[in-house]
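This briefing covers the overall make-up of one protein chain, a helix pair, a sheet and one residue in that sheet. Please keep the structure open while reading.

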Amino acid sequence: MVQDTVNSDTIVQSRKLTEWDDCEPVLEDLLQAVGGLESRVRPGEVVLIKPNFVAPFPKATTDLHFIDFFIRKIREAGAIPVVGEDSGYEFDTEMTLQVLGVRDFLRERDVEMVNLSDFNYVKVHLAKDLPDMEVAELALAAGLIINLPVLKGHVITKMTG
């Protein structure tokens, strides 16, 4: 499911994918249903792809086919894809990226991989009744963030996605 942030009352759904399905037609349909990338980014603008590489287990992480699709679409829109991730507290980000083959995958596509745990963070005020949050400067500088989470169980929150 993709929520359109330009028109917040629009929700677009797709058919369920299995691990054997070709994801590209479904991703293309979802992207076109929200107006495509050309309507959201300007040529030369950085687009941050935020995958889910929180653990060195393929079943718990964003499939590289999804990232490959968005790299191509971002470039077709004239923007610059950058992938950024921080595995958090449980696993080492660099080890996770190595086990999953992410750095090699992105090097083959000439895409920068940013370890967000090594990046500068700034405090951002969200709303009156919410505490300030620290956000990576890269996320604030990007023209668009494409979040590619993985729906899965979690020991603390019971579910993530």
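A residue counts as buried when its relative accessible area is under 20%. By that cut-off, 38% of the 161 residues of the protein chain are buried. The model is predicted.

**Overall make-up**

- The protein chain holds five helices and 10 strands.
- Among contacts in the protein chain with a separation of 6 or more, 63% join residues that lie 24 or more positions apart.

**Helices H1 and H2**

- Helix H1 spans residues 24-33 and helix H2 spans residues 64-76; their axes are 10 Å apart and the two pack at an angle of about 50 degrees.
- This angle makes H1 oblique to H2, because angles between 35 and 65 degrees fall outside the roughly parallel and roughly perpendicular ranges.
- The crossing of H1 past H2 is right-handed.
- On the H1 side, the contact is made by Glu24, Leu27, Glu28 and Leu31, and on the H2 side by Phe66, Phe69, Phe70, Arg72 and Lys73.
- By residue class, this contact of H1 with H2 consists of five nonpolar and four charged residues, with no polar ones.

**The four-stranded sheet**

- Four strands form an open sheet in the order S5-S4-S3-S8, and their pairing is parallel.
- The edges are taken by strand S5 (112-115) and strand S8 (144-147); each has a single partner strand, so one side of each lacks a neighbour in the sheet.
- On average, neighbouring strands of this sheet are turned by 30 degrees against each other, with direction ignored.
- In general, the strands of a sheet pair through backbone hydrogen bonds, in either a parallel or an antiparallel arrangement.
- Strand S4 (residues 80-85) runs parallel to S5, and four bridges join the two.
- Val82 has Glu112 in S5 as its bridge partner.

**Pro81 in strand S4**

- Is Pro81 buried or exposed? Pro81 has a relative accessible area of 5%, and it is therefore buried, as this value is under 20%.
- Pro81 is part of strand S4.
- Beyond its neighbours within four places in sequence, Pro81 contacts Val47, Ile49, Ile71, Ile74, Arg75, Val111 and Glu112.
- One of these, Ile49, is 32 residues away from Pro81 along the chain, yet the C-alpha atoms of the two are separated by 6.8 Å.
- Glu112 appears twice here: as a contact of Pro81 and as the bridge partner of Val82.

Terms used: Residues numbered from 1 in each chain as written. Predicted model: local features only at pLDDT ≥ 70, side-chain atom pairs only at ≥ 80, totals over all residues. Heavy atoms only, no water. Axes fitted to C-alpha atoms, helices over the stretch in contact; angles between N-to-C directions. Parallel < 35°, antiparallel > 145°, perpendicular 65-115°, else oblique. Left-handed = near helix turned anticlockwise from the far one by under 90°. Contact = heavy atoms within 4.5 Å. Nonpolar A, V, L, I, M, F, W, Y, C, P; charged D, E, K, R; others polar. Pairing = 2+ DSSP bridges. Buried < 20%, exposed > 50% of the residue type's maximum accessible area, 1.4 Å probe, protein only.
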